[in-house]
Amino acid sequence: MEMTLRWFGKKHDSVTLEQIRQIPGVTGVITTLYDRLAGETWPMDEILKMKEEVEAAGLKVAGIESVNIHDSIKIGTPDREQYIENYITTLENLGKADIHMVCYNFMPVFDWTRSDLAKVRPDGSTVLSYDQELIDKIDPETMFKELDSNSNGFVMPGWEPERLAHVKELFEKYKDVDENKLFDNLVYFLNKIRPVCEKYDIKMAIHPDDPAWPVFNLPRIINNKENVLKLLNTVDADFNGITLCTGSYGSNPKNDIIDIIHSTAGRIHFAHVRNVIYLGPGKFDEAAHLSSDGSLDMYEIMKALYETGFNGPVRPDHGRAIWGEVAMPGYGLYDRALGATYLNGLAEAIEKADKK
C-alpha cells in the first residue's frame, strides 16, 4: 500500500506539501486542479506544473481526486458527447504525465451530504455529521447556503458554488433520471473512455455514494455490494474499479465492508480508510481513525486489504478538527496525520504477523 494524503493545492488548502512530507510513511498526495470546473479540459501545462510542485517537495502524485464529471454526462443529454471528449483529452494528458489513477463519482447534484460540518464531541473536537431527520427538514438550496457558511471560508469538494447556485435547475434536469438511467449513463461513459484508459493504463476508481442511500429522492447506484458488482461485471475490464471508502459504505451498517473487499479483490484501485460512529437509522458521526472511536474495525479492514493483495494508494479521510486548527472541514492536518500514522502501524503489524 502507498500511504497518501489528499491535497487541494496551495491556493485552496491550509495544509502545505512540506507538512505532508513530514508525516511518517506518507510518500504521495492525491490531488487535483481545483480551479477546473466539471466538463473543462485539463491543460497539459497545468498538470505538469502541479506535478512538478509536488515532486519538488519530495512527494509524488499518486492519483487524482477528482476529474469531476459534468451533469450532462450523468443525465444523458445530447451535449454529453462534447463533455466526454473533454474528459478523454484530460485522461490522455494525465496518462502522458505518468499519472495513472483517477477517483471520481457519479452522484447526482451533491457529491456528498452532511447535516453538520462541525458537530462538537465530548472531547471538544468537531466532526462531520449526518442526521436524516434534519436533512428531511432542509430545503436543498438552503442546505447548500448553510454548509457553505460553515466551511471556514473554504470551497468544499463537490459543493462548487458555480454549480450549486443553480441547484433548483439541477434538480429539474434530474427529474426523469432514475437508478436504471443513471446506471446506463455511467456504463455509456465508461465504455467511451475505455480506449484512452487502456492505452495509458489509467485506473478509474468510482467513489461510493455518501451516504449510502438516496438523499432528496435523487438516485443512488454505488452504495452496496450488489450494485458495485453489477458495475464491475457490466464493464468487466481492469481499468474499471472502485474507491473503497469505508466511511461511505460504513454509513449503512448493512454493508459488510470486509465482504465487499474480498468480493471486489483486484478491482480496488484506491482506498479511503476512515471510521464512523453509527448512531441509528440514517444517523452517523464521523470519528477518529482508531477502531475504538467508531463502529468500524479498522484492523480487519486493513487486514482484508492486505489479504486480497491491494497495493494501490490509500489515504486517511475526513479527520476531526482538533487542537484549535482552522481548516477545510474534514481536511485539516493534525487528525489526518494521526490517522495516517495509525493506519501505517496497523499495516506494519499485519504484514509482520503474516511473515512469522
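This passage describes helix 9, the nonpolar cores, the salt bridges and a few single residues of a predicted model.

A good place to begin is helix 9, which runs over residues 179-200 and has 22 residues. From its first C-alpha to its last, helix 9 reaches 31 Å, close to the 32 Å expected at 1.5 Å a residue. The helix nevertheless bends by about 45° at R194, and a proline, P195, follows within four residues. At the start of helix 9, the backbone nitrogen of N180 has a side-chain oxygen of D178 within 3.3 Å. Just after the helix, D201 takes a positive phi of about 55°.

The buried residues of helix 9 are L182, F183, N185, L186, V187, F189, L190, I193, V196, C197 and Y200. It helps to recall that an α-helix has 3.6 residues a turn, so residues three or four places apart point the same way. The partners of the buried residues come from several elements: they pack against helix 3 (71-75), helix 4 (80-96) and helix 10 (225-234), and also against strand 4 (101-104), strand 7 (203-206) and strand 8 (240-245).

This packing leads naturally to the nonpolar interior. In soluble globular proteins, nonpolar side chains tend to be buried together. The largest nonpolar core in the model has 92 residues, and those with the most contacts inside it are Y87, L91, L186, F189, I193, M204 and L305. Helix 9 gives the most to this core, with 10 residues. For F189, leaving aside its neighbours within four places in sequence, the contacts are I69, I73, I84, Y87, Y104 and F106. Apart from the largest core lies another core, of six residues, among them M101, C103, A205 and F270.

Three members of that six-residue core, C103, A205 and F270, reappear as contacts of T243. The place of T243 is in strand 8, and at 0% relative accessibility T243 counts as buried. Its contacts, once neighbours within four places in sequence are set aside, also include I206, H207, P208, Y249 and H272.

A second threonine, T31, lies in strand 2, residues 28-31. T31 is buried, with a relative accessible area of 0%. Beyond neighbours within four places in sequence, T31 is in contact with W7, G9, M50, V61, G63, I64 and E65. With W7 there is a polar pairing: the backbone oxygen of W7 lies 2.8 Å from a polar atom of the T31 side chain. T4, 27 residues from T31 along the chain, has its C-alpha 9.9 Å from that of T31.

Charged pairs come next. Side chains of opposite charge can pair when their charged atoms come close. A search of the whole structure finds 30 salt bridges. In one of them, the side chains of E81 and K192 meet at 3.6 Å, N to O. E81 lies in helix 4 and K192 in helix 9, so this pair ties together parts that are 111 residues apart in sequence. E81 counts as partly exposed at 30% relative accessibility, and K192 is partly exposed too, with a relative accessible area of 35%.

R320 takes part in two salt bridges. With D123, the closest N and O atoms are 3.5 Å apart. This pair links distant parts of the chain, 197 residues apart: R320 is in the loop between strand 12 (313-316) and helix 14 (334-355), and D123 is in the loop between strand 5 (116-120) and strand 6 (126-131). R320 counts as buried at 14% relative accessibility, whereas D123 is exposed, with a relative accessible area of 51%. The other partner of R320 is D335, at 2.7 Å, N to O. Since D335 lies in helix 14 and R320 in the loop between strand 12 and helix 14, the pair ties together parts that are 15 residues apart in sequence. Both D335 and R320 are buried. Elsewhere, R6, E65, R114, D210, R274, E286, R315 and D317 are linked in a network of salt bridges; E65 is also one of the contacts of T31.

A last residue of note is D259, found in helix 12, residues 257-263. D259 counts as partly exposed, at 30% relative accessibility. D259 and G153 are 106 residues apart in sequence and 39 Å apart in space, C-alpha to C-alpha.

Methods
Residues numbered from 1 in each chain as written. Predicted model: local features only at pLDDT ≥ 70, side-chain atom pairs only at ≥ 80, totals over all residues. Heavy atoms only, no water. Helix = DSSP H or I, 4+ residues; strand = E, 2+ residues; numbered from the N terminus. Expected span 1.5 Å × (residues − 1). Bend = angle between axes of the 7 residues up to and from the residue. Buried < 20%, exposed > 50% of the residue type's maximum accessible area, 1.4 Å probe, protein only. Contact = heavy atoms within 4.5 Å. Polar contact = N/O pair within 3.5 Å; in protein donor to acceptor, adjacent residues only side chain to side chain. Salt bridge = Lys/Arg side-chain N within 4 Å of Asp/Glu carboxyl O. Core = buried A, V, L, I, M, F, W, Y, C linked by side-chain atoms within 4.5 Å.
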